[in-house]
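Good morning, and thank you for making time for this presentation. I would ask you to keep the sequence and the structure in view while I speak.

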Amino acid sequence: MKNLMLITSICLIAACSQLSQFMPSSSNSSATTDTSWRSKMQSCLMSEAQSRFQAGTLFNNSISATADELVSTCTKKLALQSLGISDEAKSSAESIITNLKNLSSAQ
């Protein structure tokens with residue numbers, strides 16, 4: 001029951017965040033940038049929460065601690081994207097580091 005209520009709440013929040021696209025646009029570009037950032041953050045939070053829910057780890061910690069983890073993860077992802085560093089590039093770098101670590105451990 002708790003899981004159903006949580007998923008419903010998350011879906012409602014995500015749906016409400018999308019209502020801004022139906023509101024009259026502001027000519028202020030910083031408002032547009034802010035809205036874009038918010039929608040990207042909301043999308044990332046929803047994706048991360050769903051991934052953790054499917055993996056069975058969403059409810060391992062308190063709601064506050066889990067929310068902090070989700071925000072931290074999404075903030076890092078969005079910051080890397082804004083710098084032009086894709087998830088693929090980060091994954092490649094992690095793979096290289098892991099391979100070098102394995103080589104040094106084997107010696």
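Read along the sequence, this chain runs in the pattern α-α-α-α. Its secondary structure therefore needs little description, as it comes to four helices and zero strands under the DSSP definition of such runs. I should state at once that this is a predicted model.

Let me give the overall figures before turning to individual residues. The chain has 107 residues, of which 12% count as buried. About 8,300 Å² of the chain is exposed, and carbon and sulfur atoms supply 60% of that area. Among contacts with a separation of 6 or more, 63% are between residues 24 or more positions apart.

I turn now to the cysteines. How many disulfides does the structure hold? The structure holds one. This disulfide joins C44 to C74, with an S to S distance of 2.2 Å. The pair links distant parts of the chain, since C44 is in helix α2, residues 29-55, and C74 is in helix α3, residues 63-82, 30 residues apart. The torsion about the S-S bond of C44 and C74 is about -90°, so the disulfide is left-handed. Are these two cysteines buried or exposed? Both C44 and C74 are buried.

Next, the charged pairs. As a general point, side chains of opposite charge can pair when their charged atoms come close. In this model the count comes to two salt bridges.

One of them is formed by E48 and K77, whose closest N and O atoms are 2.5 Å apart. E48 lies in helix α2 and K77 in helix α3, so this pair ties together parts of the chain that are 29 residues apart in sequence. As for accessibility, E48 counts as buried because its relative accessibility is 14%, under the 20% limit for that class. K77 is partly exposed, with a relative accessible area of 28%.

The side chains of R52 and E69 also meet in a salt bridge, at 2.7 Å from N to O. This pair again links distant parts of the chain, with R52 in helix α2 and E69 in helix α3, 17 residues apart. R52 is buried, at a relative accessible area of 18%, whereas E69 counts as partly exposed at 32%.

R52 brings me to a further residue, T66, which is found in helix α3. Which residues does T66 touch, leaving aside its neighbours within four places in sequence? T66 is in contact with R52, L58 and N61. The C-alpha atoms of T66 and R52 are separated by 9.8 Å, and the two residues are 14 apart along the chain. T66 itself is buried, with a relative accessible area of 6%.

Finally, I would direct your attention to the surface. Which residues form a nonpolar patch there? The patch is made up of I96, L100 and L103, which together have about 320 Å² of accessible area. L100 is found in helix α4, residues 87-106. Why does L100 count as exposed? Its relative accessibility is 54%, and exposed means over 50%.

To close, I would leave you with two places to find in the structure. One is the disulfide between C44 and C74, and the other is the surface patch of I96, L100 and L103. Thank you for your attention.

Technical notes. Residues are numbered from 1 along each chain as its sequence is written. This is a predicted model: local features need pLDDT of at least 70, side-chain atom pairs count only at pLDDT 80 or more; totals for chains, interfaces and linings use all residues. Side-chain values use heavy atoms; hydrogens and water are left out. Patches are made of residues with over 30% relative accessible area and no salt bridge: like charges are joined within 9 Å, nonpolar side chains (Val, Leu, Ile, Met, Phe, Trp, Tyr) within 5 Å. Accessible areas come from the Shrake-Rupley method with a 1.4 Å probe; for residues, only the protein chains shown count as cover. A salt bridge is a side-chain nitrogen of Lys or Arg within 4 Å of a carboxyl oxygen of Asp or Glu. Helices (H or I, at least four residues) and strands (E, at least two) are DSSP runs, numbered from the N terminus. Buried means under 20% relative accessible area, exposed over 50%, partly exposed in between (1.4 Å probe, protein chains only). A disulfide is a pair of cysteine sulfur atoms within 2.5 Å. Contact means heavy atoms within 4.5 Å.
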